[in-house]
Amino acid sequence: QVQLVESGGGLVQVGGSLRLSCAASGLIPSTDVIGWFRQAPGKERVLVSEITWIGRGPYYSDSVKGRFAISRNMANDTVYLQMNMLKPEDTAKYYCAARRGSGASFVDWGQGTQVTVSS
């Protein structure tokens with residue numbers, strides 16, 4: 001099992017930036033995929049970005065493509081989500097999660113961090 005802890009959320013104005021961190025611990029298989037999800041009030045949780053644990057194949061949803069960037073720091077086992085040009089519709093609770101390879105279900109989840117974009 002992988003333990004995940006998110007941080008970096010907060011209140012930011014439209015057009016601003018935030019960087020979320022997802023610190024991973026435990027036995028992390030090299031085939032793992034780490035994803036960032038978000039869930040707005042009254043809406044489903046959706047995947048916005050993911051990357052393999054070895055740093056390949058980043059995916060972005062259309063809603064964040066060109067504004068968000070996912071990366072991984074092997075030195076401290078942390079996955080980052082750099083969020084730029086933030087919009088009010090980016091307001092949500094953001095979660096990181098891990099799955100055992102592409103095509104598997106996400107099974108390990110963090111507790112989430114709140115991002116609020118004010119206009």
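Two strands are taken to pair where DSSP finds at least two bridges between them. In this predicted model, six such bridges join β7 to β8, and these two strands run antiparallel. Within the pair, S71 stands opposite Y80 in β8.

The two strands also belong to a wider arrangement, an open sheet of four strands in the order β1-β3-β8-β7, with antiparallel pairing. Its edge strands are β1 and β7, each of which pairs on one side only. On average, and with direction ignored, neighbouring strands of this sheet are turned by 20 degrees against each other.

The side chains of β7 alternate along the strand: F68, I70 and R72 point to one face and are buried, whereas A69, S71 and N73 point to the other face and are not buried. S71, the residue that stands opposite Y80, is thus placed on the face whose β7 side chains are not buried.

As for the interior, the largest nonpolar core holds 27 residues, and those touching the most other members are W36, V79, L81, M83 and Y94. At least two residues of this core come from each of β1 (2–7), β3 (18–26), β4 (33–39), β5 (46–52), β7 (68–73), β8 (78–83), β9 (92–99) and β11 (113–118). The surroundings of L81 can be listed in detail: when its neighbours within four places in sequence are left aside, L81 is in contact with L18, R19, L20, W36, V48, S49, F68, A69, I70 and Y94. Among these contacts are W36 and Y94, which, like L81, are named with the core residues that touch the most other members.

The connection between β7 and β8 is a hairpin with four residues between the strands, and D77 lies in its turn. Most residues other than glycine have a negative phi. D77, although not a glycine, has a positive phi of about 50 degrees, and M85 likewise has a positive phi of about 50 degrees without being a glycine. The table sets out both residues.

| Residue | Phi | Loop | Relative accessible area |
|---|---|---|---|
| D77 | about 50 degrees | between β7 and β8 | 28% |
| M85 | about 50 degrees | between β8 and β9 | 47% |

Because buried means under 20% relative accessible area and exposed means over 50%, D77 at 28% counts as partly exposed. M85, in the loop between β8 and β9, is partly exposed as well, because its relative accessible area is 47%.

Terms used:
Residues are numbered from 1 along each chain as its sequence is written. This is a predicted model: local features need pLDDT of at least 70, side-chain atom pairs count only at pLDDT 80 or more; totals for chains, interfaces and linings use all residues. Side-chain values use heavy atoms; hydrogens and water are left out. A nonpolar core is a set of buried Ala, Val, Leu, Ile, Met, Phe, Trp, Tyr and Cys residues joined through side-chain atoms within 4.5 Å. Buried means under 20% relative accessible area, exposed over 50%, partly exposed in between (1.4 Å probe, protein chains only). Contact means heavy atoms within 4.5 Å. Axes are lines fitted to C-alpha atoms, for helices over the stretch in contact, and angles run from 0 to 180 degrees between N-to-C directions.
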